[in-house]
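Subject: Structure for you to look at

Dear colleague,

I am passing on the structure we spoke about, together with some notes on its pockets. Please read them with the model open beside you.

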Amino acid sequence: MFICAGDSEQFPFAIPIGIGLVDAAINLTRLATMEAPEFLIFVGTAGSYGEHGIFDIVESKTAANVEQGFLLGSAYTPISNVVSAAEDVSRETIINSSNYITTDRGLAKKYLEKKLKLENMEFFSVLAVAKAFNIPVGGVFCVTNYCDENAHRDFLANQKEAMERLENYLREKGVLQ
């Protein structure tokens, strides 16, 4: 089963689950209990902390929930902030999820130092719910912007093309008809 965030980021082949960590978790839990999917593939866009370029397509099975307060040393968490469906996490591109979009290049570099490469608001919730229900899961992302002061402007300018590229990528891989 293909899933996506929804709102302005919907695909004709994917079920929207909501934007952000909370809506994605609630709606995907509802979906998992009602439909019991055999697998989940999340498709969506992502911001780059600097290593990946605009329109790069990245597959991942690992996500983190690292907030800026952690990077700045002003917060901590007693819970695990990484979830993975991968057998070898060392080969994974780790997608960071937060309800906030990074717009500071200096912080983006700090995320890279923590081995986090991309930012997508929903993926951590997707992996956490899939793990709770023992559903195989992965994500496919197309980069729309860098995490800098132009993040929102560039996201808006590149989102449509990124979504088209994602759909074409999935067709070329043979996972869509």
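In what follows, helices and strands are DSSP runs numbered from the N terminus, a helix having at least four residues and a strand at least two. Please keep in mind throughout that this is a predicted model.

The largest pocket has a volume of about 410 Å³, and 20 residues line it, with Glu9, Thr45, Ile101, Met121 and Phe155 lying nearest its centre. Two or more residues of that lining come from each of strand 3 (40–48), strand 9 (137–146) and helix 5 (151–172), and it is helix 5 that provides the largest share, four residues. By character, the lining of the largest pocket divides into seven nonpolar, nine polar and four charged residues.

The second largest pocket holds about 190 Å³ of space. Its lining is made up of Ile41, Glu59, Ser60, Lys61, Glu92, Gly138, Gly139, Val140, Tyr169, Leu170, Lys173 and Val175. At least two of these lining residues are supplied by each of strand 4 (57–60), strand 9 and helix 5, and here strand 9 gives the most, with three residues. The lining of the second largest pocket divides into five nonpolar, three polar and four charged residues.

If you follow the elements from one site to the other, you will meet strand 9 and helix 5 in the lining of the largest pocket and again in that of the second largest pocket.

With best wishes

Conventions
Residues are numbered from 1 along each chain as its sequence is written. This is a predicted model: local features need pLDDT of at least 70, side-chain atom pairs count only at pLDDT 80 or more; totals for chains, interfaces and linings use all residues. Side-chain values use heavy atoms; hydrogens and water are left out. On a 1 Å grid over the protein atoms alone, a cavity is a set of points where a 1.4 Å probe fits but cannot get out, and a pocket is an open set with protein on both sides within 12 Å along at least five of seven lines; lining residues have an atom within 4 Å of a point. Grid points are joined across faces, edges and corners, and a volume is the space filled by probe spheres set on the points. Ala, Val, Leu, Ile, Met, Phe, Trp, Tyr, Cys and Pro count as nonpolar, Asp, Glu, Lys and Arg as charged, and the others, Gly among them, as polar.
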